[in-house]
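User: I am new to this structure and would like a close look at a single part of it, the β-sheet. Please take me through the sheet carefully, strand by strand, and then say what lies around it.

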Amino acid sequence: MSSAAPTTPAEYWDKYRPHRGEGEQPRPGAERFEWTGVPGQGPGAEVLGEPGSALDLGPAEGENAAFLARNGVRVTGVDFSAAQVARARRFWSDLPGLEFVHAEVCAFLATDSRQWDAIYSTWGAVWFTDPDTLFPLIAQRLAPGGVFAFSHREPVVGQYGAQEMGGRWLEGRSAELVVHRWQFTAPQWADLLKRHGFLDVQAEVVPGREPGELGTLVVRGSRPSGDGHL
């Protein structure tokens, strides 16, 4: 992939893991559903219950989507990085019941009329989208009784709400390119989900591997099983 600096948030994610962007790279194993980014650490697919269909918001290389598809779940993955979608399609083209869509998640949720039994995001779009905009759209696309779950890195104390990301390509470019991520404590996320009508909310931190290392927040809620809307 080109080493030129990105000019939009989508291009920023096009260049994520650039070493995997060219040539034939081995695809991930996808032997387990991972929430934390550390293989085997924390909960697995049981967080989602037993969905017949699932929507992955920001699947990147698509490992979790592929794991679910291998276990009989119909999965749609939506990512606004063209490079990530192309890579995921290449990795998992042999799996039936699995599709990857190139779109911005809010625009997709606002226009696609389908509903899913589970909607999830692992260090993905939920971390990088204003929840007050995203959560009502998710509620519309979640089937009655369905599960919404997501994970992201445990925030540094005091760094809550919309935070500007740093790192390669972003330092000193705030007037040109800004990438935000929304991060909250477990109780704050729980309150946000409840405010948007989700029930049975659970939010916990899976500790890091080493003392003092930041862990991973895993948050889960559900939609009422009746006919009423959230």
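## The sheet and its surroundings

Analyst: Asp-200 is found in strand β8, and this residue is a convenient way into the sheet of what is a predicted model. The phi angle of Asp-200 is positive, at about 50°, although the residue is not a glycine. Its relative accessibility is 56%, which is why Asp-200 counts as exposed, since the cut-off for that class is over 50%.

The strand that holds Asp-200 belongs to an open sheet of seven strands, which come in the order β3-β2-β1-β4-β5-β9-β8 and are paired in a mixed way. The edges are formed by β3 (98–102) and β8 (199–206), each of which pairs on one side only. From one strand to the next, the twist averages 15°.

Moving inward from the edge at β8, we come to β9, and these two strands pair in the antiparallel sense over six bridges. One point of this pairing can be found by residue, for Val-205 stands opposite Leu-217 in β9. On its other side, strand β9 (residues 216–222) pairs with strand β5 (residues 142–153), again in the antiparallel sense, here over seven bridges. Within that second pairing, Val-147 has Ser-222 of β9 as its bridge partner, while Phe-150 has Val-219 of β9 as its partner.

How many of the seven residues of β9 are buried? Seven of the seven are, so β9 is largely enclosed by the rest of the structure. In a regular strand, side chains alternate between the two faces of the sheet. In β9, Thr-216, Val-218, Arg-220 and Ser-222 point one way, Leu-217, Val-219 and Gly-221 point the other way, and all of them are buried. The exposed Asp-200 of the edge strand can be set beside these buried residues of β9 when you look at the model.

Further along the strand order is β1, placed between β2 and β4. Five of the five residues of strand β1 (residues 53–57) are buried, so this strand too is largely enclosed by the rest of the structure. Its side chains are divided between two directions: Ser-53, Leu-55 and Leu-57 point one way, Ala-54 and Asp-56 point the other way, and all are buried. With β2, strand β1 runs parallel and is joined by five bridges, and in this pairing Ser-53 has Arg-74 of β2 as its bridge partner. Together with α2, the strands β1 and β2 make a right-handed β-α-β unit. Three bridges join β1 to strand β4 (residues 116–122), and these two strands also run parallel. Here Asp-56 has Tyr-120 of β4 as its bridge partner.

Around the sheet there are pockets to consider, and some of the elements named above take part in them. The largest pocket has a volume of about 1,200 Å³. It is lined by 41 residues, and those closest to its centre are Gly-58, Ala-60, Thr-122, Trp-123 and Gly-124. Among the elements that each supply at least two residues of this lining are α1 (9–14) and α2 (63–70), together with the strands β2 (74–79) and β7 (180–183). Of these, β7 gives the most, with three residues. By class, the lining of the largest pocket consists of 21 nonpolar, nine polar and eleven charged residues.

The second largest pocket has a volume of about 160 Å³. Its lining is made up of 14 residues, of which Thr-36, Val-38, Arg-209, Glu-213 and Leu-214 lie nearest its centre. That lining has five nonpolar, six polar and three charged residues.

Two residues that come before β1 complete the picture. Ala-30 lies in the loop between α1 and β1 and, like Asp-200, has a positive phi without being a glycine, in this case about 55°. The accessibility of the two residues differs, however: Ala-30 counts as buried because its relative accessibility is 9%, whereas Asp-200 counts as exposed at 56%. Ala-4, in turn, is placed in the segment before α1, and its 43% relative accessibility is why it counts as partly exposed. Ala-4 and Asp-14 are ten residues apart along the chain, and their C-alpha atoms are separated by 11 Å.

How values were computed: Residues numbered from 1 in each chain as written. Predicted model: local features only at pLDDT ≥ 70, side-chain atom pairs only at ≥ 80, totals over all residues. Heavy atoms only, no water. 1 Å grid on protein atoms, 1.4 Å probe; cavity = no way out; pocket = protein on both sides within 12 Å on 5 of 7 lines; lining within 4 Å. Points joined across faces, edges and corners; volume = space filled by probe spheres on them. Helix = DSSP H or I, 4+ residues; strand = E, 2+ residues; numbered from the N terminus. Nonpolar A, V, L, I, M, F, W, Y, C, P; charged D, E, K, R; others polar. Buried < 20%, exposed > 50% of the residue type's maximum accessible area, 1.4 Å probe, protein only. Pairing = 2+ DSSP bridges. Right-handed = clockwise from strand over helix to strand, strands pointing away. Axes fitted to C-alpha atoms, helices over the stretch in contact; angles between N-to-C directions.
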